[in-house]
Amino acid sequence: MSTSEDCDIEQIDPKRTDPEYFVYECLNVEEVEKLLNESVEKLSTQLQITPSLAKVLLHETRWNTAEVIERYRNNASNLLVSARIKAAAPSVPPPPAQLPVPSTSSAVVVTPGAATCSFIASVPGCSASSAIPGTSSNSSSSSSSNSGSKTHQTIGSTSTTTTVTVTACCYRTQLCPVCVTVQSTDKFHSLSCQHSFCRDCWAMHFEIQIGQGISTQIECMEQRCDVRVPEDLVLTLLNRPMLRDKYQQFTFADYVKSHPELRFCPGPNCQTIIRSQDISPKKAVCRMCKTAFCFRCGTDYHAPTDCQIIRKWLTKCADDSETANYISAHTKDCPKCHICIEKNGGCNHMQCFNCKHDFCWMCLGDWKAHGSEYYECSRYKENPNIAHESVHAQAREALKKYLHYYERWENHSKSLQLEQQTLDRMRTRINEKVMKGLGTWIDWQHLFDAATLLAKCRYTLQYTYPYAYYMESRKELFEYQQAQLEAEIENLSWKVERAETTDRGELENQMDIAEKRRTTLLKDFFPTEA
């Protein structure tokens, strides 16, 4: 028989045999930064755009380079507007057409500054009619500011037109609409929306936003303007190194969260980032802190329950479980108004706080007509109002169903904790045996393997109960497999607790049966949500 045929026979696709098979890698911050920067540089080179712009576009499209390239080449303007890099509509009116200057007048052409001006103070010896490039003023023009008006002197003679170029940063000032102070235009910065503010107000705006945990979503200060502030401007105007570091940490976190293949490890104080191309609800285990979690939703691993169902279940548990058991044991519905009544004393004579109806707690009969029948309450009597009370009976049945699943969910959670204590005791006893020369650690390793498998199986069994509570189809098959798994788990648990006196072959056989039950259930019901 050829070697190649042997290899073909031995090669087994783990995706078919193990429903939890998952390919992923654990990266540190530097490796992820390198990965993101490679995507930014690639897009920047292909589209001939700045790295800062490329980063914003990738973040907006969840790092889908192909989508950015296609949308940019089809309609770059629409892409920039949807990414909030460019304003949807001009915030300032278009510049007026430049009129020809009569030969009998003189004009002063002022070179505009880099920032758009909303307020221009008068400067002796020159005039400025507009902050928009391409405009000019004539000999009769004058400008006024909020601080007062000044008459401007005309430069030149009546026969010639003299053009004087002056430096904008030296002669032009602007009013900041936030702090309402007049400053030199070189101290102002504006975005593509042309809303201009002084650098001190921008810096204060950035500091407040970063303090609230906002980074890539910092917007223009103008009301009803959602244009994003570019990262370059934020880093330019932030003076404190600590604030700059915090901003860069927040932006990095935003980039990782928007990348579909990256997940932060949810372990406490762990900086590891998990990467996988398989975006599915499978278990990832951090190599640094050993935290296990669902790669898709980032919560505790929860197969066979899918991400949406486990969110609903945990929300329901948080809302209902504290009171459900108490309500079931200590309350009844008022027979008149059907409101829920709590029995807070020993007397069976009850009065509804809502409708003031007096009734017997035992039989729910009218207390006024109770009389000598009080001691006959233990006898079963047909309720004449059963049709009316069917709705409430359904409500109690729903509560009963919830408690059934919740109690088992909670019971297996507690069993996991107790079995960890059993494992600790087992480790202590085995250590004593090894110290006495009764075998080595290798001889007793199968006991720890059994305890580890038991915890794995019970964990899966715990998460079958939320699945069963919400499932609608194939329930009979699921409950059959669930019952089979539970039976084998209890058999394994019994043997693990008495592992020192249990035959090794018998224990390993039970381990194999339990694992096969677990794997079969996951193969048939592993979550497949998109």
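This is a short tour of a predicted model, stop by stop, with something to select at each one.

**Stop 1: helix α3**

Start by selecting residues 29–47, which make up helix α3. How far apart should the ends of its 19 residues be? At 1.5 Å a residue, the helix should span 27 Å, and its end C-alpha atoms are indeed 27 Å apart.

Now colour Val32, Leu35, Leu36, Val40, Leu43, Ser44 and Leu47, which are buried. Turn the view until you look down the axis of α3: the buried residues fall within an arc of 165 degrees, so they line one face of the helix. Over on the other side, pick out Glu30, Lys34, Glu41 and Thr45, which are exposed.

What covers the buried residues? Show β1 (25–27), α4 (51–60) and α5 (65–74), which are among the covering elements. Then add α10 (241–258), β8 (262–264) and β9 (273–275), which are also part of that cover.

Before leaving, check both ends. At the N-terminal end, Asn28 acts as a cap, with a side-chain oxygen 3.3 Å from the backbone nitrogen of Glu30. After α3 comes Gln48, and its phi is positive, near 55 degrees.

**Stop 2: Gln217 and its contacts**

Jump to Gln217, in the loop between α8 (199–211) and α9 (231–237). Gln217 is partly exposed, at 33% relative accessibility. Which residues does Gln217 touch, leaving aside those up to four places away in sequence? They are His59, Arg84 and Arg228. Zoom in on Arg84, whose side chain makes a polar contact of 2.4 Å with the side chain of Gln217. Then try Arg228: it sits 11 residues along the chain from Gln217, and the two C-alpha atoms are separated by 6.4 Å.

**Stop 3: salt bridges**

Stay on Arg228 and add Glu60. These two form a salt bridge, with the closest N and O atoms 2.2 Å apart. The pair ties together distant parts of the chain, since Glu60 belongs to helix α4 and Arg228 to the loop between α8 and α9, 168 residues apart. Is Arg228 buried or exposed? It counts as buried, at 7% relative accessibility, while Glu60 is partly exposed, at 33%.

The whole structure has 14 salt bridges, and here are some others to try:

- Select Asp424 and Arg427: their closest N and O atoms are 3.3 Å apart. Both lie in helix α12 (residues 390–435), 3 residues apart, or about one turn of the helix. Asp424 is partly exposed at 35%, and so is Arg427 at 37%.
- Select Glu508 and Arg504, whose side chains meet at 3.1 Å, N to O. They are 4 residues apart in helix α16 (residues 504–525), so about one helical turn separates them.
- Select Glu20, Glu515 and Arg518 together to see a network of salt bridges.

**Stop 4: cysteines without a bond**

Finish with the cysteines. How many disulfides does the structure hold? The count is 0. To see why, select Cys176 and Cys179: the sulfur of Cys179 is the closest cysteine sulfur to that of Cys176, but at 3.7 Å it is too far for a bond, because a disulfide needs the two sulfurs within 2.5 Å. Next, select Cys297 and Cys294. The sulfur of Cys297 has its closest cysteine sulfur in Cys294, 3.6 Å away, which is again too far for a bond. Cys176 is buried, at 0% relative accessibility, whereas Cys297 is partly exposed, at 26%.

Terms used. Residues are numbered from 1 along each chain as its sequence is written. This is a predicted model: local features need pLDDT of at least 70, side-chain atom pairs count only at pLDDT 80 or more; totals for chains, interfaces and linings use all residues. Side-chain values use heavy atoms; hydrogens and water are left out. Buried means under 20% relative accessible area, exposed over 50%, partly exposed in between (1.4 Å probe, protein chains only). Helices (H or I, at least four residues) and strands (E, at least two) are DSSP runs, numbered from the N terminus. The expected span of a helix is 1.5 Å times one less than its number of residues. The arc is that of the directions from the helix axis to the C-beta atoms. Contact means heavy atoms within 4.5 Å. A polar contact is a pair of N or O atoms within 3.5 Å; within protein, one must be able to donate a hydrogen and the other to accept it, and residues adjacent in sequence count only if both atoms are side-chain atoms. A salt bridge is a side-chain nitrogen of Lys or Arg within 4 Å of a carboxyl oxygen of Asp or Glu.
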